[in-house]
Amino acid sequence: MRTAVLLTTLAVSGAAVVHLALSGDAPARARDSQVVVASRAVHPPATSYSYVRLDNPPRTEVLDQNDKLVATLTDGARSTVLSGPIRTFTDPARTAAVIPTETWVRFTPQPWHAGDEKADWFRPWLTHALADTSADLLAVATQYVTGARFAFDADVADFLGQEWQQRNPRMDKLGRLDSAGYARLVYGYRMGYPGDAGGLPRSPAEIANAKLGTVIADKATGAASARFLAQPGDLLLFAVDGKATAVDHVGIYLGADDSGHPRFIACRGTPDGPTFGDVGGASVLDDNGPYAAGLRGIRRL
C-alpha cells in the first residue's frame with residue numbers, strides 16, 4: 001500500500017505536511033493540530049442505493065448504483081463507517097507509520113436496526129453524511145496528539161477547565177486526560193455520544209461492564225480472530241497492567257496503517273498523551289506487544 005501513495009514529508013514544528021497524489025486529483029490540504037489531512041474531491045452523490053444484510057455482527061451494507069460500498073451500519077450501534085475523501089493521518093514524533101484512509105465515521109441519530117433504510121430519517125441523513133467533510137470521529141480523535149497530556153483520574157471537565165456532565169474541573173489537571181477521559185472527550189464532548197447515564201462511563205472497568213452499543217468481541221485475550229473484527233471508530237478495551245482480565249485501558253481503532261497493521265489511538269502515560277505511535281509500545285493489534293496481547297474487548301457504540 002505504501003507504494004500506492006506518494007508522500008512528501010516536511011518537518012514543520014514537529015509536524016508533517018503530506019502530499020497525496022491520486023489519479024491526477026489536486027489535493028486540498030488542511031492541517032489539524034499536527035495531524036495533516038489530505039483529501040481529494042468528493043464523488044458525486046449516488047442516484048440509487050441497494051442494501052445487503054450480513055452477519056457476524058448483524059449489519060447492513062449500503063451500495064451505490066455502481067456497487068461501490070458507501071456505508072456500513074451495525075445493528076444496535078450508532079457508529080457508522082462511510083466512504084469519503086481520502087485522508088492521511090500522521091503522528092510523526094512517535095511513529096513513521098501513516099494511516100491513509102477513505103473511511104469516515106459518524107453517528108446515526110439512533111441505534112441501527114434491520115430495515116431502518118426504509119425509515120424517514122435515513123436517506124436525508126445518509127445524503128448529508130456522505131457529503132459532509134467536517135471533522136468526523138477519526139479526525140476528532142487525532143486532533144489531540146499534540147493538544148493533550150496524560151494524568152491519572154483526569155476527565156473531560158479537568159481537560160477543559162470547565163464543568164461537564166455535572167463534574168467540576170480540577171485545575172491541577174487542566175489540559176490532561178486519562179484513557180477513559182480521552183474516550184469520553186472524543187465520543188461524548190465532541191461527537192455527542194452520551195457521557196453518563198446510559199452512555200460512556202467514567203472508568204475503563206465501568207466501560208467494559210456497561211451495555212454500550214454492540215459487543216463485537218468480548219474477553220478476546222488478544223485473539224486474532226477477534227481483533228480483526230474491529231472497524232474504524234470502534235472502542236477497544238485492554239488489560240495492560242499485568243492482570244489477566246481486568247480492563248484498565250481504552251482506545252479508539254483508526255484502521256490499517258500504510259503497512260497494513262491495525263492501529264489505534266489512546267491517551268497513555270508514555271508518551272504522555274494521545275498517540276497512535278510506537279513510543280512505550282506499538283499502537284497496533286497484530287504484534288506481540290502489550291496492547292495486542294492485552295486486547296480484551298471491542299465495542300461499536
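**Notes on the predicted model: two sheets and two cores**

1. Let's start with the sheet nearer the end of the numbering. Six strands make an open sheet, ordered S12-S17-S13-S14-S15-S16, and the pairing is antiparallel. S12 (214–218) and S16 (273–275) sit at the edges with a single partner strand each, so one side of each has no neighbour in the sheet. From one strand to its neighbour the turn is 25 degrees on average, ignoring direction. Keep in mind throughout that this is a predicted model.

2. Within that sheet, have a look at S14 (residues 249–256) and S15 (residues 262–268), which pair antiparallel over 4 bridges. If you want a spot to click on, Ile 252 has Ile 265 in S15 as its bridge partner. Helix H4 (residues 179–190) lies across S13 (235–238), S14, S15 and S16, and runs at about 55 degrees to S14.

3. Strand S17 (residues 295–300) is where you'll find Ile 298. Is Ile 298 buried or exposed? Ile 298 is buried, and its relative accessible area is 0%. In sequence Ile 298 is 80 residues from Asp 218, yet the two C-alpha atoms are 6.5 Å apart in space.

4. Now the packing. The largest nonpolar core has 41 residues, and the ones touching the most other members are Leu 137, Tyr 182, Tyr 187 and Leu 235. Which helix gives the most to this core? That would be H4, with 6 residues. As a general point, nonpolar side chains in soluble globular proteins tend to be buried together.

5. Tyr 182 deserves its own point. Leaving out residues up to four places away in sequence, Tyr 182 touches Ala 141, Tyr 144, Leu 177, Ile 252, Ile 265, Ala 266, Cys 267 and Pro 274. Two of the names there, Ile 252 and Ile 265, are the bridge partners from point 2. There is also a second, separate core of 15 residues, including Val 62, Trp 104, Trp 125 and Leu 126.

6. On to the other sheet. Here 5 strands form an open, antiparallel sheet in the order S5-S6-S7-S8-S9. S5 and S9 are the edge strands, each pairing on one side only. The twist averages 35 degrees from one strand to the next. Helix H1 (residues 122–131) lies across S5, S6, S7, S8 and S9, at about 5 degrees to S8.

7. The S5–S6 end of this sheet is a hairpin with 4 residues between the strands, and Asn 56 in the turn has a positive phi of about 55 degrees. S5 (residues 49–54) and S6 (residues 59–64) pair antiparallel over 6 bridges. Tyr 51 is bridged to Val 62 in S6, and Val 62 also belongs to the second core.

8. At the S9 edge, S8 (residues 79–90) and S9 run antiparallel and are joined by 9 bridges. Thr 88 stands opposite Pro 100 in S9, while Thr 90 has Val 98 in S9 as its bridge partner. How many residues of strand S9 are buried? The count is 9 of the 10 in S9 (residues 98–107), so this strand is largely enclosed by the rest of the structure.

9. For the whole chain, the tally is 7 helices and 17 strands. Of its 301 residues, 55% count as buried. The accessible surface comes to about 12900 Å², with 53% of that belonging to carbon and sulfur atoms. Counting contacts with a separation of 6 or more, 56% are between residues 24 or more positions apart.

10. Finally, how far to trust it. The mean pLDDT of the chain is 83, and 80% of the residues reach 70 or more. Where is confidence lowest, and where is it highest? The low is strand S1 (residues 11–12), with a mean of 26, and the high is strand S7 (residues 69–74), at 97. Residues 1–41 stay under 50 in pLDDT, although the model has 86 contacts for them beyond four places in sequence. Where pLDDT is low, the predicted coordinates should not be read in detail.

Conventions
Residues are numbered from 1 along each chain as its sequence is written. Side-chain values use heavy atoms; hydrogens and water are left out. Two strands pair if DSSP finds at least two bridges between them. Axes are lines fitted to C-alpha atoms, for helices over the stretch in contact, and angles run from 0 to 180 degrees between N-to-C directions. Contact means heavy atoms within 4.5 Å. Buried means under 20% relative accessible area, exposed over 50%, partly exposed in between (1.4 Å probe, protein chains only). A nonpolar core is a set of buried Ala, Val, Leu, Ile, Met, Phe, Trp, Tyr and Cys residues joined through side-chain atoms within 4.5 Å. Accessible areas come from the Shrake-Rupley method with a 1.4 Å probe; for residues, only the protein chains shown count as cover. pLDDT is the predictor's confidence in each residue, from 0 to 100.
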